[in-house]
Amino acid sequence: MSEVNFNSKAFTYAKNSLVQKSASEILLNLLSIQPGEDVLDLGCGPGHITKKIAQITDGNVMGIDISPGMIEQAVSSSQEFTNLTYSVMDAENFELPVNFDVIVCNSTLQWFQKPEKVLTRCFNALKPGGRIGVQAPATQLYCPNFVEAIEKIRMHPYTREIFKHFENPWFFLESREEYEQLFRNCGFDIIYSELRDESNLFSLEQVYKIYQSGAENGYLNQSFYKVTLTDDYINIFRELVKEAIKEQSDNSGMIDLKFKRIYITAKKQ
Ligand SMILES: C[S@@+](CC[C@H](N)C(=O)[O-])C[C@H]1O[C@@H](n2cnc3c(N)ncnc32)[C@H](O)[C@@H]1O
């Protein structure tokens with residue numbers, strides 16, 4: 001069972017996850033879901049992308065997520081959809097009575113502790129000829145802005161002692177070829193893959209919200225530390241990150257937020 005916990009972010013995630021949302025648009029374009037196709041949204045969060053999918057296809061759409069808070073949010077905001085269901089499930093162990101034409105997995109692969117296990121489950125959950133599309137932040141330098149901010153945490157006298165005990169929870173590979181190999185190991189044929197460098201201008205407030213919607217769920221998660229986190233540590237950590245991000249702003253107060261992302265689509269022959 002994964003120890004990631006997005007419950008506390010369930011209410012704000014859909015609004016704040018600006019970069020995950022724009023990446024999902026690229027992923028959905030690549031997948032080109034057709035009317036009538038049955039689709040599984042793996043790690044669906046609060047369902048904002050799942051709902052988009054349920055507007056593209058009139059087939060059965062299902063969203064699963066390990067976080068009960070996220071699924072609660074997804075269910076309550078999807079009342080008007082008749083082709084959409086949600087369930088709390090761990091992607092590493094999911095089993096469903098039906099198979100899908102398409103599996104979408106946006107901004108979630110990095111949280112899996114056993115990605116091969118998940119992708120093998122996905123392979124089994126697809127109909128013959130079915131396809132999967134995954135988008136995720138990639139490489140240890142997944143977001144140079146956040147990595148630079150966290151370097152300050154690593155060095156700062158108030159945070160460095162506790163931060164020494166942080167164990168990076170994320171699954172990152174360093175090249176497109178390594179991601180392709182991961183998918184091939186699970187039985188897939190690669191349709192398309194690209195490791196993109198993305199860059200967008202955001203205000204400090206937006207960048208901080210983007211940070212909180214994703215990376216903070218790792219950096220300030222008790223499960224990923226061998227020592228107890230104190231309130232002081234959490235508060236100072238947040239202030240230092242905000243300060244470090246502010247230092248990255250240009251004269252007009254905007255920040256060039258960079259991400260490295262893997263986009264991969266693959267097929268079950
Ligand atoms: C960054 S959010 C992405 C949500 C949505 N797909 C999007 O693109 O905005 C990652 C989601 O993955 C879920 N998650 C993490 N590990 C999981 C697992 N093992 N099984 C199912 N969901 C998981 C989290 O609860 C969270 O909702």
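This section describes the ligand site and the cavities of the structure. The model is a predicted one, and the values given here are computed from it.

A search of the whole structure finds 2 cavities of 30 Å³ or more. A good place to begin is with the largest cavity, where the ligand sits. This cavity holds about 520 Å³ of space. Its lining is made up of 36 residues, and those nearest its centre are Phe6, Ser107, Thr108, Gln110 and Trp111. Several elements each supply at least two residues of this lining: the helices α2 (18-31), α3 (48-56) and α9 (204-213), together with the strands β2 (61-65) and β7 (254-267). Sorted by class, the lining of the largest cavity comprises 21 nonpolar, 11 polar and 4 charged residues.

Turning to the ligand itself, 21 residues surround it, and Tyr13, Gly43, Asp65, Ala91 and Asn106 come nearest. The shell around the ligand consists of 11 nonpolar, 8 polar and 2 charged residues. Three polar contacts are worth following in the structure. Two of them involve nitrogen of the ligand: the side chain of Asp90 places an N or O atom 2.9 Å from a ligand nitrogen atom, while at Ala91 a backbone N or O atom lies 2.8 Å from a nitrogen atom of the ligand. The third involves Asn106, where an N or O atom of the side chain is 2.7 Å from an oxygen atom of the ligand. On its own, the ligand has 590 Å² of accessible area, and the protein covers 99% of this. Ala91 and Asn106 thus appear twice in this picture, being among the residues that come nearest the ligand and also taking part in the contacts just described, Ala91 through its backbone and Asn106 through its side chain.

The second largest cavity contains about 40 Å³ of space. Its lining is formed by Val19, Ser22, Glu198, Ser199, Asn200, Phe202, Leu257 and Phe259. Two or more of these residues come from each of α2, β6 (189-203) and β7. Of these elements, β6 gives the most, with 4 residues. By class, 4 residues of the lining are nonpolar, 3 are polar and 1 is charged. For readers tracing both cavities in the structure, α2 and β7 are handy landmarks: each supplies at least two residues to the lining of the largest cavity, and each also gives two or more to the lining of the second largest cavity.

Note on methods: Residues numbered from 1 in each chain as written. Predicted model: local features only at pLDDT ≥ 70, side-chain atom pairs only at ≥ 80, totals over all residues. Heavy atoms only, no water. Near = heavy atom within 4 Å. Polar contact = N/O pair within 3.5 Å; in protein donor to acceptor, adjacent residues only side chain to side chain. Areas by Shrake-Rupley, 256 points an atom, 1.4 Å probe, with all protein chains shown as cover. 1 Å grid on protein atoms, 1.4 Å probe; cavity = no way out; pocket = protein on both sides within 12 Å on 5 of 7 lines; lining within 4 Å. Sits in = over half its atoms within 2 Å of the grid points. Nonpolar A, V, L, I, M, F, W, Y, C, P; charged D, E, K, R; others polar. Points joined across faces, edges and corners; volume = space filled by probe spheres on them.
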